[in-house]
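Please take a moment with the sequence and the structure shown here before reading on. The paragraphs below are meant to be read alongside them.

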Amino acid sequence: MSESVQDSIQEITPSEWELMRIVWTKGKIYSRELIDLMQAKRSWSDSTIKTLLRRLVKKGLLKTEKEDRRFRYTATISETEAMNGSAEQLFDHLCAMKKGATLLNLVDHVTLTQKDIQNLQAVLAEKAKSAPTEVDCDCLPDNAKCD
């Protein structure tokens with residue numbers, strides 16, 4: 001993933017995420033259908049939605065094609081790439097020794113399928129083979145301990 005796309009993911013607003021989720025779900029979508037679907041979720045004006053679309057195009061996350069007098073939008077990045085990039089950026093800002101507790105809390109609060117749980121268990125079993133007994137704090141210089 002290019003650095004500019006990575007930067008753009010970091011800058012996606014909650015409102016833009018909602019639009020992107022519709023585009024990812026539909027694959028390719030005309031502006032009118034996108035506006036109608038968004039308005040079924042939120043009471044936003046056409047102009048608000050069009051402004052958000054322009055921002056997403058400017059950020060390089062959507063591309064647009066004009067067909068006759070209609071605009072069709074497609075995502076330039078997959079939903080999985082965006083979600084993973086966003087999560088990785090968030091975790092890059094957390095204290096290294098507290099990331100595990102944050103993951104535990106996240107797993108506890110997210111609905112997971114049986115397959116998700118099996119995959120997590122497999123990844124954790126593999127990580128357990130080489131996991132350290134303790135992770136050093138990286139908040140302060142010289143690996144000083146944090147609370």
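What follows is a walk through the domains, the strands, the nonpolar core and some single residues.

This is a predicted model, in which local features need pLDDT of at least 70 and side-chain atom pairs count only at pLDDT 80 or more, while totals for chains, interfaces and linings use all residues. Residues are numbered from 1 along each chain as its sequence is written, and side-chain values use heavy atoms, with hydrogens and water left out.

The protein chain is divided into domain 1 (6-75) and domain 2 (95-147), with bounds that come from an automatic or database domain assignment. Between the C-alpha centres of domain 1 and domain 2 there is a distance of 34 Å.

The strands come next; helices (H or I, at least four residues) and strands (E, at least two) are DSSP runs, numbered from the N terminus, and two strands pair if DSSP finds at least two bridges between them. Strand β1 (residues 28-30) pairs with strand β3 (residues 70-75) in the antiparallel sense over 3 bridges, and here Tyr30 stands opposite Arg72 in β3. Strand β2 (residues 62-67) also runs antiparallel to β3, to which it is joined by 6 bridges. Two places along this second pairing can be picked out, for Lys63 has Thr74 in β3 as its bridge partner, and Thr64 stands opposite Tyr73 in β3.

Together β2 and β3 form a hairpin with 2 residues between them, and Asp68 lies in the loop between these strands. What is the phi of Asp68? It is near 55 degrees, a positive value in a residue other than glycine. Most residues other than glycine have a negative phi. Asp68 counts as exposed because its relative accessibility is 75%, where buried means under 20% relative accessible area, exposed over 50%, and partly exposed in between (1.4 Å probe, protein chains only).

Tyr30 has a further partner, since the charged end of Arg70 sits over the ring of Tyr30, 3.7 Å from its centre; a charge sits over a ring if NZ of Lys or CZ of Arg is within 6 Å of the ring centre and within 35 degrees of the ring normal. The structure also holds 1 aromatic pair, which is formed by Trp17 and Trp24 and is tilted, with 5.8 Å from centre to centre and 55 degrees between the planes. Rings of Phe, Tyr and Trp (its six-membered ring) pair if their centres lie within 6.5 Å, and planes under 30 degrees apart count as stacked, over 60 as edge-to-face and the rest as tilted. Trp24 counts as buried because its relative accessibility is 14%.

The text now turns to the interior. The largest nonpolar core has 21 residues, and those with the most contacts inside it are Leu19, Leu34, Leu53 and Leu62; such a core is a set of buried Ala, Val, Leu, Ile, Met, Phe, Trp, Tyr and Cys residues joined through side-chain atoms within 4.5 Å. The elements that give two or more residues to this core are α2 (14-26), α3 and α4 (46-58), and α2 gives the most, with 6 residues. In soluble globular proteins, nonpolar side chains tend to be buried together.

Contact means heavy atoms within 4.5 Å, and the contacts named below leave aside residues up to four places away in sequence. Leu53 touches Leu19, Leu34, Leu62 and Tyr73. Met20, which is in helix α2, touches Leu56, Leu61, Leu62 and Ala75, and Met20 counts as buried because its relative accessible area is 0%.

Helix α3 (residues 31-41) holds Ser31, which counts as buried because its relative accessible area is 19%, and Ser31 is in contact with Phe71 and Tyr73. Glu33 is likewise in helix α3, but it counts as partly exposed because its relative accessibility is 32%. Glu33 and Arg72 are 39 residues apart in sequence and 9.6 Å apart in space, C-alpha to C-alpha.

The last stop is Asp138, in the segment after α7 (114-128). Asp138 counts as partly exposed because its relative accessibility is 46%, and it touches Leu94, Cys95 and Ala96. The C-alpha atoms of Asp138 and Glu126, 12 residues apart along the chain, are separated by 24 Å.
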